[in-house]
Amino acid sequence: MTQPVSPVLLNLSGMPGHAGDPHLRPGNHLRVAHHPLLGLPVGPMVLQRANLDRLPEGFAPRRDAVCLDQDDQVLTLPIRLTKGQTVRALIPQTGTLTCIWVGIAVLPPAPEKPRDDAPRQPMIAPISVTTALNRLPGSVAMLRDGPMIRLRDAIAGGLLRPDPAAPLLDRDRLAALLGAREGDDAKAEPASTGGPIRMRAYGGSIGGDPALLAERRAAPYAAAAPGIAQLTLTGDGTVTDLSWLAAQDLDGFRWDTIDLLHLPRLSGMRYLSVTDAPARAADKVAAQAPRRTPLHEVPAPLSPASAPPFTATRERDRVRRLGDPLLADLGALIDGPQPPLQAAAQHPLTDATDRRLSDDPGDDSSVSLGHLAQVLQSTLDPGVAAWLGYKGMDGARQGVRGLDLYRVVAFFRHPRSLGAKDEDLRDSGLDFVLPNLPRGTADLDPDRVFNTLSKLAGNLLQAERRSLQGRLEPGGDYLMLEAVAAVDRGAPPLPPPPVGMLQPLHRAWMPAPPPAALREVECLLRGVLPGATLAFHRQQPPTGPVRLLNPRVAGSDWHRPMVLGLPGVDDGLIPADTPPHQGRIADRRADAGAARYSVAQQDRFGRWSEPASADAAPGKRPLPPVPVVQGSYVPPDRTDAATMGGVLHLFVPLPEPDSLAPASHPLRHVTLHVSHHGVDDPTDSIDMPPVVVPVANAQDYGPPPSGSDPRPRAVPAQIRGPVLAPTERRRAVIEAVWHDTGGQESLRSAPLRLAMTDPRPPLQMPVADVLLYSARPDATGLAWIERRWTAPPRTSHAVFYTDEVRLVSWLAENGRQALAAQIQAEDDRAARARLLRGVQHLFPDRLFERLADVIDDPAPGQRRFRHAVSGASRVLNAYRIATEDPDSGARPDLSGLDMVFYGVPNSDPPPRCAWCRRGRATAARPWWPRSP
């Protein structure tokens, strides 16, 4: 046969099942894994056990290893360990040499003795770790916790190489180790306490990070796993010896075929199968069924030993429900037209209610999932792995406490024929491994694959009255790969440790119709084993009912095991580039209250850890939305302005319940905060008492947005403003705050600023009761009337015009005919002006027209108006000058303003008087009516 290949290509691992194990059936359980780029095997994988009745000549364990203390100084055996000290043992490996078993001999700490009899401390070599490792061909990769050999580096050409001069254990001790010893199987159960030393075995992973492979806390201190690269030792005792086995040292053994691991389907163009493969696969599932119910199927978090009993019949049904959807994937991989590495199916993307995320034309609401990825990921479940031929069990080794050696032989197609690209091979390191496979394992044709497989499995198939069937598609690039494993039934590894749980975090509120409140809670996990599956429970409230959170398999009562989710963002808790043993798992159906989460992990063989628990704090509900205030200010009537202020008419639009943020409490009331300050002095601010308006007071306002949508609603409020001084101006500032039924307040709204002005006009300027004249007509025949006055600050003026004709006509039409006749009969303009001024309060505003563009400011503080009238006019021109508020526009009633009359000097001057004083004639003056 050939030599074992790198564990990155193909690896085999084993786990002893003992009578006291809660879930594993007694026997040796074997798991097979391979690189994803190899696709599926092209035929059944042959599982063999080494015949240890006679050891090959020259076979012996190896002892070459480098031991380092926590300061990276090289130690020599024996090594005295004390509490608080850590020793690491680096095991040399290359791409063609991998450790599958390692053991150490330990003496417990001796009682204290006098100083002269005290054991001597191990000698620390006076060289650095770098110098020591450089003396061995190869190199060591440095990780965060010190030197650690990575399998990725081993692929690239090897690291530490074995020292040919290292002494080997004698054959008698080796025979005792490998000899099959009958005994009480329960005595070999893993011990969690009691030993002086704690030993952990680590290996590499495809990702390049160290992975915990096995742990022992009691003698015998041994670990069996593929690709062991480092031991970490802590405790109190003396390590006297260290030895290990390499997979490549087992070539001289005689191997007996004990089982075939195959897919649960008949042959096709890419797969050779056995007769009645589906039925045989189902029998393998039943034979390996767990003794107790898997923890992801129990309704509450339990200790593994407390889980209810489980039957093979129930395991058959569980695996059938999980495996039926995979039959289509297997069909596409074995007989489909696409290369297996490229074959994929489109799956719709749906929300929590199974509705597609988008059905719009041109929108893609689906995701492409590879058939191969579906199948390989499903092998994480031990039962499905047994059905798919990736897990086997050797039940014949019950009650045996020796070291068993196993080998698996598998056939694959070269990745290039499966659709792999050159960059895929280069990035994965396979471009180095595949060309350096052992002689006779590559470039096989279909006939040689069939013949070799028939020879290896012939006796077993003949005993079962089955045969190998099918014919592979032509090609000369088939591969035959081999992997070996050791199972030490005398030193079973500890059960999976409980995961480390950080405090669960509230991530987001999920969409849900009010008043429901659903949120996403994320549990941060550490210490998750490679390939582990999880059972996830929620207890809400922490002392309330428990709910299993593993997703249910459609159409059944079974549940899917969950796997670790890698982080997508670096939140400082678990880095985004975290190793595979850390990550997060989420619950998207938690309510708003506190909850207790429990997580248990299952290793690849079906053993469960104790559940770990952590409490999540209640979710902080979203704050109410920021309100929007709208409104206006209505000033008081002029007659009431001295005793009361105007009214602020306000309303706050009410958001509909379905428009609130998910998980929001219903709104209870709105609080309006009102203050006001002077327009010219914003620091002169006065706060008014807050006004609380319940949501129950909401009213419809405005038309509905569209069609049959309900009309929008708003919470109204009317607030009386302050009493203002005449012509005073102030500005009201209104801010609103929503309050919900949970006692939370929203942020304050953007302020609404409304101007408040006194409706009373400014003080009017006095107008003398005199008749005035315009300038004499100019060359254009116009006579200009001009008047100047001093303008008070922050005032404006308006000039209103009428003439004598309109005023007399109105008197004649409104019951004042006698007065109108008297005015018309009077020739003296001054007399007519006096009569009209006496009844000026009778004339309505409509008799006057407001003159535009007649007022200007000739000088600071000065104002004038200029108005042109006909130079031939002989009637009186009447004006009313109103002082107005420029901000509010408040002006007096025109009927209350005095009129000023102007005449046009277009007649002869007045006659001279008939009397004279002191013998000299004096000219007559114009008559000026007295003020009343």
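Gln230 and Thr232 are a good place to start: their side chains are joined by a polar contact of 3.4 Å. Keep in mind that this is a predicted model, so every distance here comes from predicted coordinates. Gln230 belongs to strand 14, which covers residues 221-235. Is Gln230 buried or exposed? Its relative accessibility is 3%, so Gln230 counts as buried; the cut-off for that label is under 20%.

Now for the charged pairs. The count of salt bridges comes to 52, and a few of them are worth walking through. Take Glu215 and Arg217, whose side chains meet in a salt bridge with an N to O distance of 3.0 Å. The two partners don't get the same label: Glu215 is buried because its relative accessibility is just 6%, while Arg217, with a relative accessible area of 27%, is partly exposed.

Next up is the salt bridge between Asp259 and Arg280, at 3.1 Å from N to O. Asp259 sits in strand 16 (residues 254-261) and Arg280 in helix 4 (residues 277-287), so this pair ties together parts that lie 21 residues apart in sequence. Both Asp259 and Arg280 are buried.

A salt bridge with a wider sequence gap involves Glu473 and Arg413, and here the closest N and O atoms are 3.1 Å apart. The pair links distant parts of the chain, 60 residues apart. Arg413 is in strand 21 (residues 403-413), and Glu473 is in the loop between strand 22 (468-469) and strand 23 (478-488). Which of the labels, buried or partly exposed, does Glu473 get? Glu473 has 23% relative accessibility, so it counts as partly exposed. Arg413, on the other hand, counts as buried because its relative accessibility is 10%. There is also a network to look for: salt bridges that share partners join Asp259, Arg280, Lys284, Glu464 and Arg466.

What about disulfides, then: how many does the structure hold? The count is zero. Cysteines can still be found in the chain, among them Cys67 and Cys523. Cys67 has 9% relative accessibility, so it is buried, and Cys523 is buried too, because its value is 0%.

Let's turn to the sheets. Strands of a sheet pair through backbone hydrogen bonds, in either the parallel or the antiparallel sense. One open sheet has five strands in the order 41-48-47-43-44, and its pairing is mixed. Where are its edges? They are strand 41 (771-773) and strand 44 (849-850), each of which has a single partner strand, so one side of each has no neighbour in the sheet. At the strand 41 end, the partner is strand 48 (residues 900-903), and the two pair in the parallel sense over three bridges. If you want a residue to zoom in on, Leu772 stands opposite Tyr902 in strand 48.

Another open sheet has three strands, ordered 42-46-45, and its pairing is antiparallel. Its edge strands are strand 42 (782-790) and strand 45 (855-856), each pairing on one side only. Strand 42 runs antiparallel to strand 46 (residues 862-870), and nine bridges connect them. One of the residues to pick out here is Trp784, whose bridge partner in strand 46 is Ala868.

Back beside the five-strand sheet's edge strand 44, there is a loop that runs from helix 14 (829-838) to strand 44, and Pro844 has its place there. Pro844 has 22% relative accessibility, so it counts as partly exposed. Which residue, 50 residues apart from Pro844 along the chain, has its C-alpha atom 7.5 Å from that of Pro844? That would be Leu894.

Finally, have a look at the surface. Leu349, Val367 and Leu369 form a nonpolar patch there, and together they have about 190 Å² of accessible area. Val367 is part of strand 19, residues 366-370. With 31% relative accessibility, Val367 counts as partly exposed, and because patch residues need over 30% relative accessible area, that value is also what lets Val367 be part of a patch.

Conventions: Residues are numbered from 1 along each chain as its sequence is written. This is a predicted model: local features need pLDDT of at least 70, side-chain atom pairs count only at pLDDT 80 or more; totals for chains, interfaces and linings use all residues. Side-chain values use heavy atoms; hydrogens and water are left out. Patches are made of residues with over 30% relative accessible area and no salt bridge: like charges are joined within 9 Å, nonpolar side chains (Val, Leu, Ile, Met, Phe, Trp, Tyr) within 5 Å. Accessible areas come from the Shrake-Rupley method with a 1.4 Å probe; for residues, only the protein chains shown count as cover. A salt bridge is a side-chain nitrogen of Lys or Arg within 4 Å of a carboxyl oxygen of Asp or Glu. Helices (H or I, at least four residues) and strands (E, at least two) are DSSP runs, numbered from the N terminus. Buried means under 20% relative accessible area, exposed over 50%, partly exposed in between (1.4 Å probe, protein chains only). A polar contact is a pair of N or O atoms within 3.5 Å; within protein, one must be able to donate a hydrogen and the other to accept it, and residues adjacent in sequence count only if both atoms are side-chain atoms. Two strands pair if DSSP finds at least two bridges between them. A disulfide is a pair of cysteine sulfur atoms within 2.5 Å.
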